[in-house]
Amino acid sequence: MRKQSELSEQKRRIPCEMYDKVNYMCRRYMDRMARFELDYGFIVDKATFLTAVDEWFKKAPVFCSRLVYSPISPCWKPSGAKAEDAVSFSEPTDIEAAKKEFFSREIPLKSPVQVKIALFYNEGKTSICFIWNHMCMDGGGFKAFWKDFCGVYNDLSCGEYTGTGFSSGPRGYKEVYADFPDDERAKAKKQFANVSPKCRHRFPFTPKSPDDAVIIAGRKIDAETFIKAKSYCKSEGATVNDMLIAAYMSALSKLIGLNADEGLNVTSAVDLRRHMKNPERIGYTNHITFIHCTVPQIGSGIKETLKAVAASTAEAKQDPFIGLHGLPLLNIAYKTMIYAQAEAVIRLFYKNPPLAVSNVGAVDVKSFSLCGNEPTDAFVAGATKCKPSAMMTAFTINNTLSLSLCVYGNDEDSKIIERFFDEVENGIAELASSV
């Protein structure tokens, strides 16, 4: 029989799941922070917001825990932190500068909370800004969380809160296999190989420097242009994700001077919740992996690039185990070795994608409503990458496409990113003009 003290200690510790460990390993390539902003046209109530955060912390204590590193087996230790330790309220005179400063922060691994939230009030409006440790959840996890948060906030505001609303489901990666039929599940767990194609092209950043600082760049594509471009893609049998990859490839080819007959590979994020019948049953966690979109020739313009991308991704989607390749091997490494050994071995084979696109998808404004107020705008950005890695993150709200790219760089890198976004915007506008 285990001693009561041992059982109590277990309750005070939360295991680091496989994806937690993978994102911890990636601290060598990025700052581990994810970023999300939602703007509302009313004043969000402070007391109600804090109460909702406290309820969230109770159901998902990993967000109010600190990472306890161990070369044997790292884990999370709940800190007992409260909403006040994570949330700040202010009325800055320069709200854009305040947001920039907030999003440039980094949460230390030993912090008692793994999320920081800033509510900026300005002229009767509220901007709710989040940064969180990517070890805890991805963009899909955040969208699930915020939908739940809005429901709890609304119930609290109406005095109808019953103590439920936040998920406390499992966070482990194996949940992705739960809904496969038995024979398919067995096959899915044997997808050990995950071959990465060689990618010799790089984003044209300046060389790394100790003086590099956080750059968070963004660009918006208006709703009219995006809707028309999406319509053109549909007529060509392409998806929005295909369009984003094609626009990335086309823009990059102009920056680095690729010829029409040259090939290119861009890595694309895949949400593994696609394999789940009811993703709401799991907790707030990471279920993202990456697949490769390789085109043998980029073509002479974005339309040709789009056709090549659509053909590549259509082939990838034929795989019933899309995104699951390589995960069993990661699991074996973490299960059969102590953590320090596993990280060293995995790093030998891990390749941080130099060119990548992550599409967070559409913001559901109705599900994200607070007391009947839908978000009027939003901003999403991934982790700040180390050069030469360049990941473009995308999402839509009210049919407006928003793009971002975060990297440690300098003023010249900022100018390069702006030229890149100019070309992305030109490419999407060209597709829109063909409708």
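Two strands pair if DSSP finds at least two bridges between them. Keep that in mind, since I start with strands. What we have here is a predicted model.

Take strand 3, residues 65–68, and strand 4. They pair in the antiparallel sense, over four bridges. One residue pair to find on your screen: Val68 has Cys75, in strand 4, as its bridge partner. How many residues does the hairpin from strand 3 to strand 4 run through? Six.

Strand 4, residues 75–78, also pairs with strand 1, residues 14–15. This pairing is antiparallel too, and there are two bridges. Within it, Ile14 stands opposite Trp76 of strand 4.

Next, helix 2. Is helix 2 mostly covered or mostly open? Mostly covered: eight of its eight residues are buried. They run through Met18, Tyr19, Asp20 and Lys21, then Val22, Asn23, Tyr24 and Met25. Buried here means under 20% relative accessible area. Which elements cover these residues? Among them are strands 1, 3 and 4, which you have just met. Strand 10, at 288–295, also takes part, as do helix 10, at 327–336, and helix 11, at 339–349.

Now the backbone. Most residues other than glycine have a negative phi, and most peptide bonds are trans. I have three places to show against that background.

The first place is Arg32, in the loop between helix 2, residues 18–25, and strand 2, residues 33–40. Arg32 is not a glycine, yet its phi is positive, at about 70°. Is Arg32 buried or exposed? Arg32 counts as buried, because its relative accessibility is 4%, and the cut-off for buried is under 20%.

The second place is Asn398, which lies in the loop between strand 13 and strand 14, the latter at 400–409. Asn398 is another residue other than glycine with a positive phi, near 50°. With 44% relative accessibility, Asn398 counts as partly exposed. That label covers values between the buried limit of 20% and the exposed limit of 50%.

The third place is a peptide bond. Where is the bond that is cis? It runs from Lys387 to Pro388, and its omega is near 15°. Pro388 sits in the loop between strand 12, residues 377–381, and strand 13, residues 390–397.

To recap: strand 4 pairs with strand 3 and with strand 1. Helix 2 is mostly covered. Arg32 and Asn398 have positive phi values, and the bond from Lys387 to Pro388 is cis.

Notes
Residues are numbered from 1 along each chain as its sequence is written. This is a predicted model: local features need pLDDT of at least 70, side-chain atom pairs count only at pLDDT 80 or more; totals for chains, interfaces and linings use all residues. Side-chain values use heavy atoms; hydrogens and water are left out. Buried means under 20% relative accessible area, exposed over 50%, partly exposed in between (1.4 Å probe, protein chains only). Contact means heavy atoms within 4.5 Å.
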